[in-house]
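Okay, thanks for making time, everyone. Let me put the structure up on the screen and walk you through the sheets and the cores.

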Amino acid sequence: MKATIIRKEQETPNIHTFYFKTEKEFNYIAGQFTEIQLPLSNPDERGNKRWFTLSSSPTEEFVSITTRLDPVKPSAFKQALFHLESGAQITLAEPMGDFVLPKQKDTSLIFIAGGIGITPMRSMIKWLSDTNEHRDITLYYAAKVMEDMVFLDLFQNTDIKFEPILGSPPSDWQGMTGRLTSKTIMSLPNVLDNTLVYISGPEPMVETFNTELQQGGIPEHRLVMDYFPGYTEQNI
Ligand SMILES: Cc1cc2nc3c(=O)[nH]c(=O)nc-3n(C[C@H](O)[C@H](O)[C@H](O)COP(=O)(O)OP(=O)(O)OC[C@H]3O[C@@H](n4cnc5c(N)ncnc54)[C@H](O)[C@@H]3O)c2cc1C
């Protein structure tokens with residue numbers, strides 16, 4: 001369906017959120033993704049379409065996506081997206097995906113997000129906050145530097161347990177540092193109970209957690225994964 005860009009917001013030097021108004025009702029569940037098609041006159045070999053998680057919650061007025069612009073070698077798609085002005089039209093595919101909250105409200109959830117993989121977590125946590133629904137959620141959000149972290153206000157002001165992890169923290173940083181590994185997750189007291197573990201980020205990171213958490217004893221059916229191809233752990 002057609003959608004019109006309403007505004008874009010700079011979250012960090014390289015990360016922007018784009019807000020769209022859809023021409024028809026766009027019914028989605030928090031955590032789902034869509035495909036965006038741009039009217040590119042000169043696409044590169046990777047074409048004019050990309051998948052994006054909706055960083056917005058269905059409770060919000062506009063649909064949004066949040067993405068990075070690679071400062072060194074962005075694709076033709078990303079360059080065009082970041083140049084879009086308010087009023088420009090794009091095409092959105094129907095929402096899809098099952099990286100969504102479980103129906104069972106009392107299931108404990110561990111969210112693991114690497115870099116821009118935070119987008120579905122933002123959508124779900126915003127939805128819970130706007131609908132006043134409480135769930136037992138621990139969010140581990142790993143990024144290289146402070147400037148790569150987004151949506152901190154929301155995560156710090158809702159009733160989730162929030163553990164940000166920075167690879168290169170500022171000197172006054174009080175949180176966890178270094179790399180988030182499966183060892184940290186496996187050491188959580190409730191992880192081998194009926195907890196669901198949601199993992200979202202660059203493909204190599206998600207694959208590593210998938211393998212190691214299963215080796216640690218978490219059955220596959222309790223791991224919910226969202227892969228972001230096109231990113232590596234270096235450029236996330
Ligand atoms: C279900 C799903 C949900 C997703 N959700 C999100 C989301 O919420 N936010 C998000 O940002 N992404 C998301 N993605 C990933 C998204 O679809 C893109 O793959 C990603 O943003 C990279 O975009 P890009 O390919 O335009 O490359 P860029 O972001 O421009 O660049 C990524 C890397 O590719 C390199 N590169 C650029 N052009 C070329 C080229 N021609 N040849 C080789 N390398 C090149 C760049 O140098 C950089 O290292 C999602 C993907 C899926 C499948």
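So, S3 and strand S6, residues 89–92, run antiparallel and are joined by 2 bridges. One facing pair to click on there is Ile 36, which stands opposite Leu 92 in S6. And before you ask, yes, this is a predicted model.

Now look at how S3, residues 33–37, is tied to strand S4, residues 49–53: that's an antiparallel pair too, with 5 bridges. If you want a place to zoom in, Thr 34 has Phe 52 in S4 as its bridge partner.

Let's zoom out to the whole sheet. What is the order of the strands in this open sheet of 6? Reading across, we get S4-S3-S6-S1-S2-S5, and the pairing is antiparallel. S4 and S5 are the edge strands; each has a single partner strand, so one side of each has no neighbour in the sheet. On average, neighbouring strands here are turned by 40 degrees against each other, if you ignore direction.

Over at the S5 end, strand S2, residues 15–22, pairs with S5 in the antiparallel sense over 6 bridges. There, Ile 15 has Arg 68 in S5 as its bridge partner.

Quick reminder for anyone rusty on this: strands of a sheet pair through backbone hydrogen bonds, either parallel or antiparallel.

Okay, next sheet. This one is also open and has 6 strands, in the order S10-S9-S8-S7-S11-S12, but here the pairing is parallel. Strand S10, 176–177, and strand S12, 223–228, sit at the edges with a single partner strand each, so one side of each is left without a neighbour in the sheet. S11 and S12 run parallel, joined by 6 bridges, and Val 197 stands opposite Leu 223 in S12. Then there's H5, which packs on the sheet and touches S7, S11 and S12; its direction makes about 150 degrees with that of S11.

On to the packing. Which residues have the most contacts inside the largest nonpolar core? The core has 39 residues, and the answer is Phe 111, Ile 112, Leu 139, Tyr 140, Tyr 141 and Val 197. So Val 197, the one facing Leu 223 a moment ago, shows up again here. The elements giving two or more residues to this core are strand S7 (109–114), helix H2 (119–130), strand S8 (137–143), strand S11 (196–202) and helix H5 (203–215). S8 gives the most, with 6 residues.

Let's take Leu 139 as an example. Leave aside its neighbours within four places in sequence, and Leu 139 is in contact with Phe 111, Met 121, Phe 155, Ile 160, Phe 162 and Glu 163. Apart from that core lies another one, of 14 residues, including Tyr 19, Phe 20, Tyr 28 and Val 63.

Last bit: the domains. The chain is divided into domain 1, 2–92, and domain 2, 109–228, and their C-alpha centres lie 24 Å apart. How many residues of each are in contact with the other? It's 16 from domain 1 and 14 from domain 2. On the domain 1 side, strand S5, residues 63–68, gives the most, with 3 residues. That side of domain 1 divides into 5 nonpolar, 9 polar and 2 charged residues.

Right, that's my tour; over to you.

Terms used:
Residues numbered from 1 in each chain as written. Predicted model: local features only at pLDDT ≥ 70, side-chain atom pairs only at ≥ 80, totals over all residues. Domains from an automatic or database assignment. Contact = placed C-beta atoms within 7 Å. Helix = DSSP H or I, 4+ residues; strand = E, 2+ residues; numbered from the N terminus. Nonpolar A, V, L, I, M, F, W, Y, C, P; charged D, E, K, R; others polar. Pairing = 2+ DSSP bridges. Core = buried A, V, L, I, M, F, W, Y, C linked by C-beta atoms within 7 Å. Buried ≥ 20, exposed ≤ 12 C-beta atoms within 10 Å, placed from the backbone. Axes fitted to C-alpha atoms, helices over the stretch in contact; angles between N-to-C directions.
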